[in-house]
Structure formats: structure tokens, C-alpha cells
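Visitor: Could you take me through one part of this model up close? I'd like to follow a single strand and see what sits on either side.

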Amino acid sequence: VFDVLVVGGGPAGAAAAIYAARKGLNTGVVAERFGGQVADTMSIENFISVSATQGPKLVAQLEEHVNDYQVDVMKNQRASGLSVGNNLELALENGATLKAKSLVIATGARWRTMNVPGEQEYKGRGVAYCPHCDGPLFKGKSVAVIGGGNSGIEAAIDLANLVEHVTVLEFADSLKADEVLIKKVHSLSNVTIITNAQTTEVLGDGQKVTGLTYMDRQSNQQHQLELAGIFVQIGLIPNTEWLEGSGMALTPFGEIAIDAKGATSISGVFAAGDVTTEPYKQIIIAMGGGATASLSAFDYLIRHQSD
Ligand code: FAD
């Protein structure tokens, strides 16, 4: 029986594992892919105290740091269910069940993709999902933002400060963002908004993005835009499908609701990072969340020692 079982091996899970192990707790990590989204990131320039690094390099350092401690890391394992009995029981897709006194869930999230030709090929080479992360890489260039909801319009306002020109492409006939954001974006001289626009292809030169094509849904005509970058802002999906039926309280978006201590609706189960209601999805924030969750798990365990 683990004292703390961490589900997920991204920055939140790695931080949780280190904090738990440093409390002398019997700690395990179950991760489908160690490193999580960081493994897909080219350049990271906002991990404070490290001016610039690359995702795979940071992942290797995370793994090395976790391995400094006695942590049972189970890689390439996918959690498929959680049940609450005498202990917490984590079911794995391979049929095994792991028992734990407390759990830290850090299964992260994934960006909703456009699913058009070229998107996968140019991911990290012009196709981006995080304006906080990649915006400054497009200084002086033209970019598009796909999606006219709150995150798309926030991204457009943010990017307008950094890049030469922003084109927002919204699928519906009007923007879906809050009125105050719509007003703000309309006031910016270097932002163009196109509604009824369905992106059909990401164009590139083999190395990087050069533009995109979209269909005007009213006229059915195809148009082409020349661009250096495409920010896809059509939703972030938390990896919580596996918690269905567990009784875990999720928001309508599927995020795990946590309090300031990382506690969830299930006693002894804590959560951290992009899978939670934490409003800002960033590496440094996920790490802080992982630390909080494990310190809370420790607090919980010392109060339930007779169990
Ligand atoms: P994740 O990194 O998503 O990790 C989730 C972990 O859970 C993974 O190990 C995954 O395999 C595992 N998992 C999921 N489901 C299961 C399951 N059922 N069973 C077992 N394991 C499971 N942030 C920055 O701060 N700076 C940047 O420059 C930056 N650039 C980014 C660029 C890209 C392309 C992307 C996609 C994101 C970027 N981010 C950046 C955001 C940052 O990567 C995330 O905020 C951060 O990784 C979240 O960490 P996490 O540990 O919560 O989740």
C-alpha cells in the first residue's frame, strides 16, 4: 500500500512525487508518458531561474530529480478507474490494481486540435497552443488565432502587443467572448476578425508554417492567409474521463474542483496542475500545485495514522 500514489508524470506529478518522498512517505507514480505536455514543447523561456530550455531537456531533468528519491515510477501505465474503500484503489488499464492511503491526481490536459491537414506536421514549428509561452517567438510577424471565445480573444489581445498583426478566425457568425474582451479587441488597430471561417489546412514550406487556408462558411469560398504562426484556442480538455463513476466532483468543463490546499471532493485525494480548476495552466504553476497537493496529503496522513 502506497502512502502517496501520484497519477501523472508531468511537472505537477514530478513535483508531487519529490515532495512526498522528501517527507519519508512510501511514494509511487503512475504515468502514461513521463514529462506530459512538456515533452511536446520546443522552447521554454518562462520557467523562472532558467532563461531558456527545451521541453525534452526539462523532462530529463525532472526524471533525474525524481530518481534521486526512492519513488516507484511506473511508466507507460494508464489509470482507468478510482474506487474508494478501506484504501483508495487505482485501477490500471493493464488489469492491475494499486492501493494507496492518499492520492495526488495530476493527469493534466490536452489542447483540442483543429484536425486539419498540416496541423500535426507543423506543431511546434508555427502551430502553437499557448500564447503565454510562444507569443514572444513571433515578434514582428503575422499570426492567426483560431477561436473567438474568451481564450481566443484574450490570446489576440495579448499577441497584438507582441506581433505585427493578428487575424482571429471564428467558426460561428459572431465572437463568443465576454463583451469587455470583444470591445477591447475591436479597439486594436492590428487585429482583424473574420467570422464564419472554417480553417481547412495549415500550409508550410516543409520547415515551418507559411499560412493557412479557410473556407468562408457563407460563400463556401476558400481563402488563403500568409502567416508565421497559428495559435489554436478552441479549448483545453482535462484528462479526467477515467474518473467517471468514481464520485469525483468535476466542473462542467471536466476539471477536478480543488480548494487552496489541492483537496478534491474525495477524502484523501488531492489534485494539481492542468487537470484542476487552477486557472492558469503553466509549468511553474503545475509544479507549485504538485508541491501543495503532496504537503496536503502529508497533513492528511498524519491525521489518519490509526487507519
Ligand atoms: P501534463 O504536463 O499534461 O502531464 C500529465 C501527465 O499525466 C502525463 O505524464 C500524462 O501521460 C499523464 N496521464 C494522463 N492521463 C493519464 C492516465 N489516465 N493514467 C496515467 N497517466 C496519465 N507552460 C509553460 O509554463 N511554459 C511554456 O513554454 C509552455 N509551452 C507549452 C507548449 C505546448 C506545445 C504545450 C502543449 C504546453 C505548454 N505549456 C507551457 C503548458 C505546460 O506544458 C502545462 O501547463 C504543464 O505541462 C501542466 O503540467 P501537468 O503536470 O499538470 O500536466
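Guide: Here is a walk around strand 11 and the sheet that holds it.

Keep in mind that this is a predicted model. Strand 11 covers residues 142–146, and it belongs to an open sheet of 5 strands with parallel pairing. Reading across that sheet, the order goes 10-17-11-12-13, so to speak from one edge strand, strand 10 (127–128), over to the other, strand 13 (191–194). Each of those two edge strands pairs on one side only.

Back to strand 11: it's mostly covered, with 4 of its 5 residues buried. On one flank there's strand 17 (residues 229–232), running parallel to strand 11 and joined to it by 4 bridges. On the other flank, strand 12 also runs parallel to strand 11, this time with 5 bridges. How does the chain get from strand 11 to strand 12? It goes through helix 4 (residues 150–160), and the resulting β-α-β crossover is right-handed.

If you want a residue to hang on to, try Ile146. In strand 17, Ile146 stands opposite Val232, while in strand 12 Ile146 stands opposite Leu169. From Leu169 you can carry on outward, as its bridge partner in strand 13 is Ile194. That step sits in the pairing of strand 12 (residues 165–169) with strand 13, again in the parallel sense, over 4 bridges. With strand 13 you've arrived at an edge of the sheet.

Note on methods:
Residues are numbered from 1 along each chain as its sequence is written. This is a predicted model: local features need pLDDT of at least 70, side-chain atom pairs count only at pLDDT 80 or more; totals for chains, interfaces and linings use all residues. Two strands pair if DSSP finds at least two bridges between them. A residue is buried if 20 or more other C-beta atoms lie within 10 Å of its own, exposed if 12 or fewer, and partly exposed in between; C-beta atoms are placed from the backbone. A crossover is right-handed if, with the strands pointing away from the viewer, the path from the first strand over the helix to the second runs clockwise.
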